2 protein chains.
Amino acid sequence: MVGASNDAGRIGGMPLDLLRHFGYAGRVYPVNPKYEEAFGYRCYPDVESLPEAPDLAVLAIAAREVPAMLERCHARGIRAAIVYAAGFAEAGEPGAALQRGLEQFAARSGMVVAGPNCMGFANLNLHAYTAFAAVFRNVPAQTGPGRASVITQSGNVCSAVFALMRGLGVPVSHFINTGNEACVEFSEYLEYMAQDGQTDCVIGYVEQLRDGPRFIEAALAFARERKPLVIYKAGETDKGSEAVRSHTSALAGDLALYKAGFEQLNVIRATDFAQMADLAYLSGFRQRTGGRRVAIVTMSGALGAILADKLIGAGLDVPTLSGALQQALREGIPDYGMVSNPVDVTGNVVNSPQFVHAIFEALAATDQVDAVVVYAPGYLLDRMAGTLVDICARRQRLFVAIDTGAAQYRSRLVEAGIPVFDDIGRATQALAPFCQWLARQDAVERWAGLRQRTLSTAAAASPLPARLNEYQAKQLLAGYGVPTLRELPAADADAAAAAARQIGYPVALKILSADIAHKTEAGGVRLDIADEAALRAACADILAAARRYDPGARIDGLLVQPMAGGGVAELIAGVTHDPVFGPALTVGLGGVLTEIYRDASHRLLPVDAAMAGEMLRELKAWPLLDGFRGRPKADVDAACAGVAALSAACAGLGAQAHEIEINPLQVRVRGEGAVALDALMLVKT
Amino acid sequence: MVGASNDAGRIGGMPLDLLRHFGYAGRVYPVNPKYEEAFGYRCYPDVESLPEAPDLAVLAIAAREVPAMLERCHARGIRAAIVYAAGFAEAGEPGAALQRGLEQFAARSGMVVAGPNCMGFANLNLHAYTAFAAVFRNVPAQTGPGRASVITQSGNVCSAVFALMRGLGVPVSHFINTGNEACVEFSEYLEYMAQDGQTDCVIGYVEQLRDGPRFIEAALAFARERKPLVIYKAGETDKGSEAVRSHTSALAGDLALYKAGFEQLNVIRATDFAQMADLAYLSGFRQRTGGRRVAIVTMSGALGAILADKLIGAGLDVPTLSGALQQALREGIPDYGMVSNPVDVTGNVVNSPQFVHAIFEALAATDQVDAVVVYAPGYLLDRMAGTLVDICARRQRLFVAIDTGAAQYRSRLVEAGIPVFDDIGRATQALAPFCQWLARQDAVERWAGLRQRTLSTAAAASPLPARLNEYQAKQLLAGYGVPTLRELPAADADAAAAAARQIGYPVALKILSADIAHKTEAGGVRLDIADEAALRAACADILAAARRYDPGARIDGLLVQPMAGGGVAELIAGVTHDPVFGPALTVGLGGVLTEIYRDASHRLLPVDAAMAGEMLRELKAWPLLDGFRGRPKADVDAACAGVAALSAACAGLGAQAHEIEINPLQVRVRGEGAVALDALMLVKT
């Protein structure tokens, strides 16, 4: 502890106080020439005089003193350091320069440096407190081994969430505030936690992910280990994201892609501190089986309705039970109670609690639901407790209890594998993402497999020309299976006429130029050309208009297409390069209203046809493809195949295909396919 | 207490136990021939033998015994009763018959009967516990006078919310579970509470409103008294509303209208029990001035971003402060702290807390924000407490503190008029609707005035014919100022030709029939008719097509309209009759996508032009009217005038105009007006 203090209120003293207070078993060396001793530890004047090279140096010194001290630590044989000091990248250009120096030192020396501008760490299982956080002494003491880790980019958030977790009795293994992440970045901590035997879930807070691809790998490692990874991402609104940028100069990344990517990676996106703590609590029950379809059992019709509203609102299903199952439940439930789900066992449970046994047994066994939520306040829950414990000893299905009273058997229920909540809002807010997480475990493994196959089969693509016109782009895409029209490029009117004869009239004619993105605006599109005379006139018009529109544009010629006829809908399918996550695919319906309503679906690549189908079904405008109000149904399978082919093209062409947009992907009546009417590809040189 | 018991665990004993325990000062008469005494009160064999007619009879007896007992109570001179028993309207037809008997008895006798199927009441200020709820003995004791009332249609919800309120230390005046509301209905309780000096807010839960118009009056009384009325309405989802119907046979009413109506009446729509308790807590600070624009002060950039996200997400504004104000704040804040809002005073506050005084003073005085949210955990908040107390003694502006630590000065802050929260999610979830409530106080009073003027000037309308065709409907609407085309009805082709000459070609021609709602589908519309020959041919075609489409339809002739030309947008403006709230106005953009996206705005009538403007701005598709991506701006003023005229027409025509729809209301380029191209009016006979 360099810059040690004997004042527990100072950052150089607080960790020493904690190490002493909690009884750290390892050796601790305060370093400060001013003291002989601090908190009972012998104090040394400098790192050079230490009796051995410690595993870790904690620097509680000012920013400007850090570089020289790190050099001295390195020289003393110390391999790792935590730097508390603020005044680096978050503090203007002088600080940024200091941070660059730190990064260079770490790269040169091989020393592992955490921070700067961080509170440090605590390994609660080892009582290794190297964080200056007052919170450790203000929360309920931890007796058993910790199992949940909290990792945040903000010290305040780390303390606040840790306190909530401890308040719920969640045993914590690691407390980590990463700070500026100059040398050790968020996903690197995650990689460690994915394989750490003392950590079965991570509760995280990020303002930016500095290494998106590494984050993807870490998240997939969590998925493999079936450990929940819960992340709160700040910057939901423009104002919030401005505030984040202002104090971290973070790369924004697209928020919609954060949401979609987290879901795809089965990372639980938290939106509230209390919810984070509740998810850490629920993670202790992750071995139980569960999913989206929930049965609700209450003794109150009102609470049944409220819980249904809340669980459905949070994204779960409350399916109506089959007639046969309802009949079986009815045997224990009076006429005025509901059996359809929510199941209302009514106040009768007071007089004859045993009749709920058959109900719980039926709901534990049925394949119509994945999890069971039981609401009963206080003594009413106590009357059901024995039954619940008995059933959960024999069945793996997730049962969750909500008690707004003061049930005495809460801890017995928890020991039996039944999480107990005391607030309806908090219960549903945590339960919904937890059940989604349980439900998505297979999907993320499937995607990991698809991704692995895609990565391993990717051959080096032949280099692309710097600029591609529409025909070239579509030819490339067609090579990967994107459906295109049978269209022909033509250098001039004569060639166009020959092409049109081959294709057959009527045809459409377009200017062919990589420099003209807005062809219609440029007067570069003619539709429904009936014969050769009209075609030749159109050629002249289009070429003249294009030259007027952009005299400097390189014109490659003309493109002759058969007339496409009408479709049920026109989609936009595009691949962009997100600054955080890299290549990502977006699908939406064309048109100004879908833009205003921001109705689009996003995925990290690769995407197969099944995933494309999920993307389309996610669109609010999905009914338009699905026969809304008697309209014809669209050829969704063909659309999905087209989207999957776009993904394959990206994998095949590699990073040089920086952006691709198919707009529109015309989707025809079911059975008649889909076709890319226009496409654009930007090459990264 | 009829059906008294000496067992505190039974419903006939629990209230007696509570009355004795809390020391009710009035006279209590248990009635039960089995006992001499219960809880120290002398017990009587029957109501006839009571020494006086009590103010209230509480019936803790079975449903089938209730009718006869009410007759005996009435005969004994008792004027009011609470009926606990279940087994009435919620229990099938036999119960419904029993409840109808109860209603008839109450109407005949003039006796006031609360319930049935209810837990009863408690007036906590009088210690008058006539509710069988175990919760009263399980919550922190109340010392001062209660000021918040909880009124619910579910006993379980009443207990759960009351417990949360008491847990926060909110002093409660009335606890009321209304049950089936056979004779005394929810809004009647609200009317009482609006004028009750012991109640400054009501926290309510409803599954259905049985008397919408009375609810409107009660809500306006709350608005006049500036008392918050907070209502949780169950049945948000189809499943939840099915569950509500199943156990109450509730009239659904339109959920979107519930939301819009609550907002219009400045009723706070709660969505969570904890939020309800928090709003009861905040109601204690309702005298402070506040509104939508919030300044955030933190000592953590992360928390600034998080709070901005949450407050904006919950519907408030976090405006960027002016350059001058930022400069003033900067004097106390280091370079790396933010001053734009969120204001990040940084950890420096630890060392020099006095510099926040100038910051709070500036934020208390500026007209750029309405309220100030301060986040600082534990001892950091304590360091600011003195400053906050000082400023709030001199300024009326609402300051709110959030402390995720354990600040010692919390109660001092509360006494100074500063609410303190300990959870960020709960703070924002309650604060946002509370600030909205503060902000809407003037709007609801303006609307109450508009409504009063509309009601007082409404003359009896002359009776309408049972069926109105398009021309007749539009003529009626035009009489109230709805803009229409200069169009003419025509009995036959000759008359149509004359009309077209008068109007001038090109014209549009439509079938005129109150029986054919879907004119286009019936082949009853022709556009862009250029001359008389075409017109005569169109007349013949349309009449023939209409007869084919519906041989039984009464055909009134034809309607000749000038061609309308294009508009910027087409709106739908309609008035429907909600089963709960009565006449309500809906405005939306036409087209299938707006239907899929459910993009519509609703209001209770009347609506003036300013309110119509708010409705249009509420639409997600508003940008289309407002020059999205270089499109022309629409004549919004004319559209608003048209919508207001529709509202005036409803007021003028009265209840007989059961439904009216203008579809489309074409809105032209700014300055060129709006016009009802088609309209439909259904008359209630």
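1. A good place to begin is with how chain A is connected: among its contacts (heavy atoms within 4.5 Å) between residues at least 6 apart in sequence, 70% join residues at least 24 apart. Of the 685 residues of chain A, 57% count as buried, where buried means under 20% relative accessible area, exposed over 50% and partly exposed in between, with a 1.4 Å probe and protein chains only. The C-alpha trace of chain A spans about 100 × 80 × 40 Å along its principal axes. Its secondary structure comes to 22 helices and 27 strands; helices (H or I, at least four residues) and strands (E, at least two) are DSSP runs, numbered from the N terminus.

2. A word on reading the model: it is predicted, with local features needing pLDDT of at least 70 and side-chain atom pairs counting only at pLDDT 80 or more, while totals for chains, interfaces and linings use all residues. Residues are numbered from 1 along each chain as its sequence is written, chains are lettered from A and ligands numbered from 1 in the order in which they are written, and side-chain values use heavy atoms, leaving out hydrogens and water.

3. Helix H1 of chain A covers residues 14-22, and its buried residues are Met14(A), Pro15(A), Leu16(A), Asp17(A), Leu18(A) and Leu19(A). They pack against three strands of chain A: S1 (37-38), S2 (41-42) and S7 (128-131). Just after H1(A) comes Gly23(A), with a positive phi of about 75°.

4. Now look at helix H17 of chain A, residues 493-503, where Ala496(A), Ala497(A), Ala499(A), Ala500(A) and Ile503(A) are buried. Viewed down the helix axis, these residues fall within an arc of 165°, so they line one face of H17(A); the arc is that of the directions from the helix axis to the C-beta atoms. The face turned away from the buried side carries the exposed residues Arg501(A) and Gln502(A). The cover over the buried residues includes strand S18 (488-490), strand S19 (507-512), helix H18 (532-549) and strand S21 (557-562) of chain A.

5. Both ends of H17(A) deserve a glance. At the N-terminal end, Asp492(A) acts as a cap, with a side-chain oxygen 3.2 Å from the backbone nitrogen of Asp494(A). Just after the helix, Gly504(A) takes a positive phi of about 100°.

6. Next come helix pairs, which are described by the angle between the axes and the distance between them. Axes are lines fitted to C-alpha atoms, for helices over the stretch in contact, and angles run from 0 to 180 degrees between N-to-C directions. In chain A, H12 (residues 355-365) and H13 (residues 379-394) pack at about 30°, with axes 10 Å apart. That makes H12(A) roughly parallel to H13(A); angles under 35 degrees count as roughly parallel, over 145 as roughly antiparallel, 65 to 115 as roughly perpendicular and the rest as oblique. The crossing of H12(A) and H13(A) is right-handed: a crossing is left-handed if the near helix is turned anticlockwise from the far one by less than a right angle, and right-handed if clockwise.

7. A second pair in chain A is H4 (residues 155-167) with H9 (residues 273-283), whose axes come within 8 Å and cross at roughly 50°. H4(A) is therefore oblique to H9(A), and their crossing is right-handed. Residues that meet here include Val157(A) and Leu164(A) of H4(A), and Phe273(A) and Met276(A) of H9(A).

8. In chain B, try H5 (residues 186-195) and H6 (residues 212-225), which pack at about 20° with axes 9 Å apart. These two helices are therefore roughly parallel, and the crossing of H5(B) and H6(B) is left-handed.

9. Finally, some backbone details. Most residues other than glycine have a negative phi, and most peptide bonds are trans. A cis peptide bond joins Gly115(A) and Pro116(A), with omega about -5°; Pro116(A) is in the loop between strands S5 (112-114) and S6 (120-123) of chain A. Asn266(B), not a glycine, has a positive phi of about 55°. Asn266(B) sits in the loop between H8 and strand S12 (268-270) of chain B and is buried, with a relative accessible area of 6%.

Note on methods. A polar contact is a pair of N or O atoms within 3.5 Å; within protein, one must be able to donate a hydrogen and the other to accept it, and residues adjacent in sequence count only if both atoms are side-chain atoms.
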